[in-house]
Amino acid sequence: RIRSVDHLSQAGAFSLQDLPFAPDLAMIDASMSIQITTKTTASSLSRTEFLIVFAKQGSKVRLPKGVVLPANSLDAFKGHAREIRVTDAQRGNAKRVLLVGVGASGDIAEESLRRIAAMVSRQAGQTGSRSASVWIDLPFGRKSAGVGQAIAEGLIMGSYRLSEFKSQAQPAGLKRHVIYAGKEFNEGVRRGYAIGTANLLARRLQDTPANLMRPRDLVREARRLASASPKITCRAHDEKAMARMSMGSLLSVSRGSSEPAYLIHMVYKPTKQPRKKVCLVGKGLTFDSGGISLKPSGKMHEMKYDMSGGAAVLGVFHALAKLNPDVEVHGLVPASENLPDGKANKPGDLVKASNGLTIEVLNTDAEGRLILADALAYAAKKIKPDAMIDLATLTGAVVVALGHELSGVMGNNRDLIDELVASGEATGEGVWALPILDYHKEQMQGSVGDLRNISGPETGAGSCTAGAFLSYFTGDIPWAHLDIAGMAFSKYGGALNSGGATGYGVRLLN
Ligand code: BES
Ligand code: MN
Ligand code: ZN
């Protein structure tokens, strides 16, 4: 099922395992071996270090049998939505108990539950605990599956650690969870498990330093996903294959690097007849120095995260294998480095994309759109999906516009954009629509070539003009572009992560 057309397996090519400081891959996998068991509240509570109990406003707190809290420990605890109380248990199978209020009608937002579960999981893990349990003896009605999903996602996302690269052993984080709740929660827990572990995979790929997460390493990870599921195949086009397909735009970006570029093409095929065919495209710049238009050094190290769109696509595939939707999904990850070199793109160089358009590379740091151009043209010509969505850490301008709470979505199809905004609201991965005007498209017209890869300084709207550039390569396929530059990683962290990669896009697109 794995067709390779590259030279990774040839003698002489060195791999991650050959590096003297390479992490033990088995250990990385172990960091993802998380278990969630579901039981009903009719069963008795097994011994646990941390117990999370949901409490409704106006009703008595319903604890598992045998668990006794100290007198007065619930004084003034009302059960308001997001109200929290931690206490040591006096008796019973739980060491510590965290009460979480859900309001009078259980109207607490799923995102709040997700964040609370993540904070508990993270903090309990830091104290050396290995397991947490959740007790939900409340009716959530139609919302039950969503509640189960949010809690499972939160518990897993909060357990993320990047400890593979430390020489000293680190606290491992919570690995085992038991959720006691009605059966109507279980389907959600199953989804939350699939999506939560997919989020961890994306974050591990993102956080891994760029010398260990090169284009070839993304290829290896994509193949690993394919070999783990009979429903997923993976093909990696190497530079020769891309040259045959005339992908001069993509290939111009990797010319300055000694690491070859790849176009990864994964396919998920459901067992049932697929309802639709969709294509996800993720920018996979494993390091963006800017090239000859070199970036300032201050934050350049953050550009290992310039493959976050690609990481999200791999994460989505990890979840697809478990969720089995009846949709055919294609995943494209153009993977490359962007480095300065004697062979690198120079400002003003002319390149030709596979759809025939010529592009003046006026700024070698606007490289994401150059690799996406050929990937989108490939999707439009060879895959012809019913819809396609690209994710890219494309512009610093989107961080100015929307900050770190929302990604920007643009495209050629109002329905697709609306669906993504709605999915953002439902999943907690926020999305806000930005325009692509004809005016923005005009600003990308070249003087020597058909297009230029940056607009003039007088135009502004850097995220919109970047989207406008991409629109020249999508043919007539319904398409949306997510600019995730402000969402892919975070300096300070939040409830769901402690700084670093976020795995943004995995929840949204699933
Ligand atoms: N990868 C960067 C965008 C980026 C910036 C991602 C900050 C994450 C955080 C992209 O390749 C880039 O360099 N964009 C340029 C475009 C400009 C030259 C038109 C930018 O935003 O400055
Ligand atoms: Mn750049
Ligand atoms: Zn970039």
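# Close-up views of two metal sites and their surroundings

**View 1. Asp-288, a buried residue shared by two metals.** At 2% relative accessibility, Asp-288 counts as buried (under 20% relative accessible area; exposed is over 50%, partly exposed in between, with a 1.4 Å probe and protein chains only). This is a predicted model, in which local features need pLDDT of at least 70 and side-chain atom pairs pLDDT 80 or more, while totals for chains, interfaces and linings use all residues. Residues are numbered from 1 along each chain as its sequence is written, chains are lettered from A and ligands numbered from 1 in written order, and side-chain values use heavy atoms, without hydrogens and water. Welcome to the meeting point: Asp-288 bridges the zinc ion (ligand 3) and the manganese ion (ligand 2), which lie 3.1 Å apart.

**View 2. The zinc ion (ligand 3) and its donors.** Lys-283 (NZ), Asp-288 (OD), Asp-306 (OD) and Glu-367 (OE) are the protein donors here, 2.0 to 2.4 Å from the zinc ion (ligand 3) (donors are N, O and S atoms within 2.8 Å of the metal, or 3.2 Å for Na, K and Ca; without water, sites may look incomplete). The angles among the 6 donor atoms run from 77 to 177 degrees, so the arrangement is octahedral (six donors, opposite ones over 155 degrees apart and all others between 65 and 115). Along the sequence, the donor residues of the zinc ion (ligand 3) follow the spacing K-x4-D-x17-D-x60-E. Asp-288 lies in strand E11 and Asp-306 in the loop between E11 and H8, so this pair ties together parts 18 residues apart in sequence (helices, H or I of at least four residues, and strands, E of at least two, are DSSP runs numbered from the N terminus). Asp-306 is buried too, with a relative accessible area of 1%.

**View 3. The manganese ion (ligand 2) next door.** Asp-288 (OD), Asp-365 (O), Asp-365 (OD) and Glu-367 (OE) coordinate the manganese ion (ligand 2) at 2.0 to 2.2 Å. Its 6 donor atoms make angles of 70 to 165 degrees, and the site is irregular (fitting none of the named geometries). The spacing of the donors along the chain is D-x76-D-x1-E. Asp-288 sits in strand E11 (residues 284-288) and Glu-367 in the loop between strand E14 (358-361) and helix H9 (368-383), so the two join parts that are 79 residues apart in sequence. Both Asp-288 and Glu-367 are buried.

**View 4. Helices H5 and H8 side by side.** Helix H5 (residues 215-228) and helix H8 (residues 308-323) pack at about 10 degrees, with their axes 10 Å apart. H5 and H8 are therefore roughly parallel (an angle under 35 degrees). Leu-218, Glu-221, Ala-222 and Leu-225 of H5 make the contact with Leu-314, Phe-317 and His-318 of H8 (heavy atoms within 4.5 Å).

**View 5. Gly-331 and its neighbours.** Look for Gly-331 in strand E12 (residues 328-338). At 0% relative accessibility, Gly-331 counts as buried. Leaving aside residues up to four places away in sequence, Gly-331 touches Ile-264, His-265, Met-266, Leu-280, Val-313 and Phe-317.

**View 6. Two loop residues with positive phi.** Ala-76 has a positive phi of about 65 degrees although it is not a glycine. Ala-76 is found in the loop between strand E3 (48-55) and strand E4 (84-88), and at 60% relative accessibility Ala-76 counts as exposed. Asn-324, also not a glycine, has a positive phi of about 50 degrees. Asn-324 belongs to the loop between H8 and E12, and at 39% relative accessibility Asn-324 counts as partly exposed.

Technical notes: Axes fitted to C-alpha atoms, helices over the stretch in contact; angles between N-to-C directions. Parallel < 35°, antiparallel > 145°, perpendicular 65-115°, else oblique. Tetrahedral: all angles 85-135°; square planar, octahedral: opposite > 155°, others 65-115°.
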